[in-house]
Amino acid sequence: MSPDPFPRHAERLVREALADTRVVLIEGARQVGKSTLARAMVQGAHPAMELSLDNRGTRETALADPEGFVAGFDGPVFIDEIQRVPDLLLAIKDAVDRDLRPGRFLLTGSANVLTTRKIKDALTGRMETVRLWPLAQSEIRGSHVNFVDALFDARPPRIDGATVGRAAFVDVVVAGGYPEARLRSARRRARWFASYLDTTIDRDLRELSDARKLHEIPRLLRLLASQAANLLSYRGVAVKLDLTHDTVREYVGLLQTIFLVRLLPAWRPGLAAREIQAPKAYLVDSGLLAYLLGADERRIASDDQVTGKLLENFAVIEVLKHADWAEVETRAYHYRRREEEIDMVLENRAGDIVAVEVKAAASVGRGEVKAMERLRESRGERFKAGVVIYAGAQTQPLGKRLWAVPVGGLWA
């Protein structure tokens, strides 16, 4: 059992990977519970030596002689914060090539160390990566129903008697999923996020990049927050920040590397030039987004300018979390064609799709699913389900393989 008060669905993925893969990496943003999850494994089902590269002495030893450092381990070892000495990964590659036993190395990292082609290629076939995000509501509430699997089975959660209106999601959205932040008062949570961003940006990005204008990153993050759930125009952002287009693209990439921002590419069923190709940008946590927007419960409940943005960001990220531990393997996109748009399209390896739209309203009319209807007709049986996540009381049919599902369906 995990000592975390919120057992993680990703624990099963880590356990399965350790049983047949030589190196397992748990990666994700700082303070989402990576070390807690890994420690639960090595103190339970997978005993291993534990080392942290946040420890200065350990880090300096590893930096001085990566090969010698790794050679000193005979049995399984858990190394925390591997991004602090990325050269260790090449030494680990050599070690596991000589000893093919599974579960040799369990690693955690708060930055995506596989962005370097040399390291990514070296570990192909030797390492499995499990991504850990801020807590999903289903983890907080102890639900084991996977929303993504349910949609591909055309069986959306059946909800009846849910709270109606913005009261259904305001508290959930503003609290977010960072384990420490969500348990604090609003004032203390704001201080936590301020400190968290200072530490993450100053420390992780400076270790990852030699960019000379990293002081612009906080401004960029605030601007991305103001445009969350919208199409991302690198050139438009560059003009507002007085940076070059390429610099903005590079810095957005860095924010993805440290797991603060996620981009959804456009879904293109064909090659028609009229398809919009810009990605949509989301912050990985609704609590962090609310902090950056200066939006508390009262403002989310009353300000239409932030309510829809925050709910869509919350719901899309929740679905993406479910996708990570779903039985069906999918890729996520957004869809926009002419005047039609759908917030999220998930496509499995067979080409089957489901569509997800998010509305802050307490009711949904048939007219609001026209884009889904057209997509359903164009894809035929490949279209498995379409749902509108909304602030209503119950799951309602909206047509053939189309439903309105209350927000609570994400954790029912």
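Here a trainee and a mentor talk through a predicted model, one question at a time.

Trainee: Let's start with helix α1. Which residues of α1 are buried, and which helices and strands do they pack against?

Mentor: Helix α1 covers residues 10-20, and its buried residues are Ala10, Glu11, Leu13, Val14, Ala17 and Leu18. Those buried residues pack against the strands β1, β4 and β5 and the helices α2, α7 and α16.

Trainee: How wide is the arc that the buried residues of α1 cover around the axis?

Mentor: Think again of Ala10, Glu11, Leu13, Val14, Ala17 and Leu18, the buried residues of α1. They sit on the same side of the helix, because the arc they cover around the axis is only 160°.

Trainee: Which exposed residues does the face of α1 turned away from the buried side carry?

Mentor: Good thing to look for after the buried side! Turn the helix until you see the face pointing away from the buried residues of α1; the exposed residues there are Ala19 and Asp20.

Trainee: Now for α2. How many of its residues are buried?

Mentor: The buried residues of α2 are Lys34, Ser35, Leu37, Ala38, Ala40, Met41 and Val42. They are covered by elements including α1, β1, β2, β3 and β4. The helix is mostly covered, and the buried count is 7 of its 9 residues.

Trainee: What is the phi of Gln31, and is Gln31 buried or partly exposed?

Mentor: Find Gln31 in the loop between β1 and α2. With a relative accessibility of 40%, Gln31 counts as partly exposed. Its phi is positive although the residue is not glycine, with a value near 70°.

Trainee: Where does Arg401 lie, and what is its phi?

Mentor: Arg401 belongs to the loop between β12 and β13. A relative accessible area of 17% makes Arg401 buried. Arg401 is a residue other than glycine with a positive phi, near 60°.

Trainee: On to pairs of helices. How are α11 and α13 oriented to each other?

Mentor: Helix α11 runs over residues 217-226 and helix α13 over residues 245-257, and their axes come within 11 Å. The axes cross at roughly 80°. The two helices are therefore roughly perpendicular.

Trainee: How many nonpolar residues are in the contact of α11 with α13?

Mentor: On the α11 side, the contact is made by Ile217, Leu220, Leu221 and Leu224. On the α13 side are Val248, Tyr251, Val252 and Leu255. By class there are no polar and no charged residues, and the nonpolar count is 8.

Trainee: At what angle do α10 and α14 pack, and how many polar residues does their contact have?

Mentor: The axes of α10 (residues 186-208) and α14 (residues 286-293) are 10 Å apart, and the packing angle is about 95°. That makes the two helices roughly perpendicular. Ala190, Phe193, Ala194 and Leu197 of α10 meet Gly287, Leu288, Tyr291 and Leu292 of α14. The contact has 7 nonpolar residues and no charged ones, and the polar count is 1.

Trainee: Which side chain does the side chain of His245 make a polar contact with?

Mentor: His245 is in helix α13, and its relative accessibility of 19% counts as buried. Leaving out residues up to four places away in sequence, His245 touches Tyr234, Arg235 and Ala238. The polar contact, at 3.3 Å, is with the side chain of Asp246.

Trainee: Is Thr247 buried or exposed?

Mentor: Thr247 also has its place in helix α13. Its relative accessible area is 18%, and the cut-off for buried is under 20%. Thr247 is therefore buried.

Trainee: Which residue shares a polar contact with the side chain of Asp99?

Mentor: Asp99 is in the loop between α5 and β4. Leaving aside neighbours within four places in sequence, Asp99 is in contact with Arg22 and Arg104. The side-chain polar contact, at 3.4 Å, is with Arg104.

Trainee: One last residue, Trp411. Which residues does it touch?

Mentor: Trp411 is in the segment after β13 and is buried, with a relative accessible area of 14%. Not counting residues up to four places away in sequence, Trp411 touches Gln137, Ser138, Arg141, Ser143, Ala168, Val172 and Phe314.

How values were computed. Residues numbered from 1 in each chain as written. Heavy atoms only, no water. Axes fitted to C-alpha atoms, helices over the stretch in contact; angles between N-to-C directions. Helix = DSSP H or I, 4+ residues; strand = E, 2+ residues; numbered from the N terminus. Parallel < 35°, antiparallel > 145°, perpendicular 65-115°, else oblique. Contact = heavy atoms within 4.5 Å. Nonpolar A, V, L, I, M, F, W, Y, C, P; charged D, E, K, R; others polar. Buried < 20%, exposed > 50% of the residue type's maximum accessible area, 1.4 Å probe, protein only. Arc of directions from axis to C-beta. Polar contact = N/O pair within 3.5 Å; in protein donor to acceptor, adjacent residues only side chain to side chain.
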